[in-house]
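Me: I'd like to go through the labels on this one and ask what stands behind each. Could you start with the cut-offs for burial?

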Amino acid sequence: MKNRSIRKVVILGSGVMGSRIACHFANIGTEVLLLDIVPGELSDKEKSAGLTLEDGAVRNRIVNHHLAEAIKSNPSPLYHKDFADRITTGNFEDNMKDIAGYDWVLEAVIENLKIKIQVFDQVEKYRNEGTLITTNTSGIPINLMLEGRSDDFRKHFCGTHFFNPPRYLKLLEIIPSPETDPEIIDFLMHYGDLYLGKTTVLCKDTPAFIANRIGIYAIMKVVDSMQKFDMDVDEVDKLTGPVIGRPKSATFRTSDVVGLDTLIKVADGLYQGLPNDEAKDIFQLPPVIREMEKKKWLGDKTGQGFYKKIKGKDGKSEILTLDLKSLEYAPKSRPKFATLEQTKPIDDLRERFKVLLAGKDKAGEFYRDSFYALFQYVTKRIPEVADELFKIDDAVCAGFGWEMGPFQTWDAVGLKKSLPKMEEAGYPPAKWVYEMVEAGHESFYRVENNVRQFYDAASGSYKVVPGMSDYVILDNLRANNVVWSNAGATVFDLGDGVLNVEFHTKMNTMGSEVVDGVNQAITLAEKDYRGLVIGNQGAQFSAGANLALVLMYAIEQEYDEIDFMIRFFQNTIMRVRYSDVPVVVAPHGLTLGGGCEMTLHGDRVQAAAETYIGLVEFGVGLVPAGGGTKELTKRVSESIEEGDIEYNSLQNAFMNIATAKVATSAFEAKDMHIIREKDGISTNRDRQIADAKRSVLEMADAGYTQPVKARDIKVQGRTGMALFMAGINGMRMGNYISDHDVKIATKIANIMCGGDLTHPQLVTEQYLLDLEREAFLSLTGEKKTLERIQAILQRGKPLRN
């Protein structure tokens, strides 16, 4: 097999997908050339500037505009703004010849076969033999693009279907033609997983491939069930969002974001392209959707869709919802269902599904009708779209942001007991499911010897899910590898002498159970193991401290309890830093407050690229008191070189705390000195725990020695404090901050300057920890702080700037 590497990539087409795919390749360090067409005429601005069609700025206007739009979009397609420098722009006429020096040519032009073939004609002239050539088509048959192509082109060509936005949606569908070299398929499956951070799914060349075929069916079935049970838009979005492990944009808000025209295009394509699909009528759009299309109510891109934002009489924004019967907008409602009320205390999605599909109200009827139909549909797509059922689950989860795929959901509900109910509802599954149950198999997945297996319909037996050998999946270890657990944490044996402590509270907030778990894990590791990973595979690493507990103690004026809680957490954090074994912290998702402080104290960090991390305590009227303020002060002290202006570096760290700044990626966290150069970043979060384990073993093999506690942290004393206060008072005079904000900011500055010291000097870590604790305690007695904490708890969302 050729030793292939990807250093330089060409993206042909700079539209919404092309420009964002280019950004994601730039994210992983690849040099990117982004090309598009030359404009056919001058814009008014270009005419007034005296430019001609031959000027470079004009010839690259389209590609430069598209890239600029992508870069400034929110959320950002880039891990770090500087990564845009890795992208060079050009046009098809002047720069197509340059593709000869590139390793991968990826076509992402408009979904028009004729245009794609014209582009490939040009690619054939200039690409070197052996260069990868792929298409980002979302549905044009791959084989139709091969007409007139050379043997080498055919051998190195396949579909690589990214989902929008490419940075955030993990799916990459690989669609080979019968002539694609198997080595190319294997390479792309591995490269997409390891480097691009994708869930790579090998697909057959069928209409819409896997994810859109199943995902669009699910959406259209929701619309069908909605009409069947006379439900409205607000009700459906309430039932099809986070409560079932789907994005908070649910069904209709997602349509508005993506664009109703996109949904219409895919649904129409499936209806026309699937004459033999037994459920093809589901893809036939209802009249109300056609009416919305006619009125150009396509969602955000046209200003209104299923929802519409207006300015109310008080000047504040108001969301209106479309009544699909009258086609008039009305204030958004807040529907309630008894079934949903029953699920409020259930955090485990698998357990929640059992309650949802057993509901006795309209919500339960809706869930049974839509899910039973989905269960039936996916069974009948095997082997049409995929031979193995796990590919369907992987594709829709990674492509549509579902936490659980159809077969995983069916396992949670109960395969055997649901069959009679599905038959009664008119949704019997495919024959192979009955054969499976008759053979005594009652689940689509199982774990044997810590390895996940799926039921293979073709052989009638269970097989190992392929490609998982490089991953550590904690769920697979629950049966045999739990060393210790309590209500908030579980300690696993990862093998090779490494432990892992997992949090499993709501949002993985840090209460006494989690802190106990970390201490217990360190104790066990120091006694019998080589090291420890602190990581989990929940949606978030940790949303921070348990604010409800802080509020309760503060209201009851139990300040001794708060003092004990802070000391206990500080001591635990310092154990993370100063244990006898290497400790690697593996943050991902929201890593706020105490979660950030835990991260700051690992021997190393193995962060997921998508880590949103920061010290956000200021937002609730508190200061970081688990070592966060101390640690950033320490890192500034360590980074100062002779001749540097110390106050400037300290001020940057102060502002990060005082503005509750949250990095939007692990790469941004480097700028904030939260993640260091020696720390690792996992682009694919599925590999993160395995990467962290590897890091532990590297340190252990190198002869890990417990660090020495710092006693030489440079602080500025009254000199620094005077400079901080000038800035704080200036902000207050400008009405940028409140009196209470001044009080909090002053306490942060006091910690970072070392308290009331007459001159700059060296202090210990414990000295700064004591200042943290004193400041935190004093603020819990403030009425404004308690009001802020109550507001956050009532909102039910973590604080994030």
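Reply: Sure: a residue is buried under 20% relative accessible area, exposed over 50%, and partly exposed in between, using a 1.4 Å probe and protein chains only. This is a predicted model, where local features need pLDDT of at least 70, side-chain atom pairs count only at pLDDT 80 or more, and totals for chains, interfaces and linings use all residues. Residues are numbered from 1 along each chain as its sequence is written, and side-chain values use heavy atoms, with hydrogens and water left out.

Me: Why is aspartate 230 called partly exposed?

Reply: Its relative accessible area is 47%, which puts aspartate 230 in the in-between class. Aspartate 230 is found in the loop between helix 9 (211–228) and helix 10 (233–239). Helices here are DSSP runs of H or I with at least four residues, strands are E runs of at least two, and both are numbered from the N terminus. Phi of aspartate 230 is near 50 degrees, a positive value in a residue other than glycine. Most residues other than glycine have a negative phi, and most peptide bonds are trans.

Me: And what makes glutamine 557 exposed?

Reply: Glutamine 557 has a relative accessible area of 56%, which is over 50%, so exposed is the word. Glutamine 557 is found in the loop between helix 22 (547–555) and helix 23 (559–577), and its phi is positive too, near 55 degrees.

Me: What makes the peptide bonds before proline 165 and proline 383 worth a look?

Reply: Both are cis: omega is near 0 degrees from asparagine 164 to proline 165, and near 10 degrees from isoleucine 382 to proline 383. Proline 165 has its place in the loop between strand 6 (157–162) and strand 7 (171–176), and proline 383 in the loop between helix 16 and helix 17.

Me: How do you know that helix 17 has the span expected of it?

Reply: The expected span is 1.5 Å times one less than the number of residues. For the twelve residues of helix 17 (residues 389–400) that gives 16 Å, and the end C-alpha atoms are 17 Å apart, which agrees. Helix 17 is also largely enclosed by the rest of the structure, because eleven of its twelve residues are buried. Glycine 401, with a positive phi near 75 degrees, follows helix 17.

Me: Why is the pair of phenylalanine 120 and phenylalanine 153 called edge-to-face?

Reply: Rings of Phe, Tyr and Trp (its six-membered ring) pair if their centres lie within 6.5 Å; planes under 30 degrees apart are stacked, over 60 edge-to-face, and the rest tilted. By this rule the count comes to 33 aromatic pairs. For phenylalanine 120 and phenylalanine 153 the centres are 5.5 Å apart and the planes at 70 degrees, so the pair is edge-to-face. The pair links distant parts of the chain, with phenylalanine 120 in helix 6 (residues 113–126) and phenylalanine 153 in helix 7 (residues 151–155), 33 residues apart.

Me: Then why is the pair of tyrosine 372 and phenylalanine 375 called tilted?

Reply: Their ring centres are 6.5 Å apart and the planes sit at 50 degrees, so tilted is what remains. The two both lie in helix 16, three residues apart, about one turn of the helix. At 3% relative accessibility tyrosine 372 counts as buried, and phenylalanine 375 is buried at 0%.

Me: What makes a set of residues a nonpolar core, and which residues have the most contacts inside the largest?

Reply: A nonpolar core is a set of buried Ala, Val, Leu, Ile, Met, Phe, Trp, Tyr and Cys residues joined through side-chain atoms within 4.5 Å. The largest has 115 residues, and Phe353, Tyr367, Phe407 and Trp432 have the most contacts inside it. Helix 16 (residues 362–379) gives the largest share of this core, ten residues. A second, separate core of 57 residues includes Leu632, Phe654, Ile751 and Leu757.

Me: How do you know that strand 21 pairs with its partners?

Reply: Two strands pair if DSSP finds at least two bridges between them. Strand 19 (residues 583–586) and strand 21 run parallel and are joined by two, one partnership being valine 584 with arginine 604. Strand 21 and strand 23 (residues 680–682) have three, also in the parallel sense, and alanine 607 stands opposite isoleucine 681. Four of the five residues of strand 21 (residues 604–608) are buried, so the rest of the structure largely encloses this strand.
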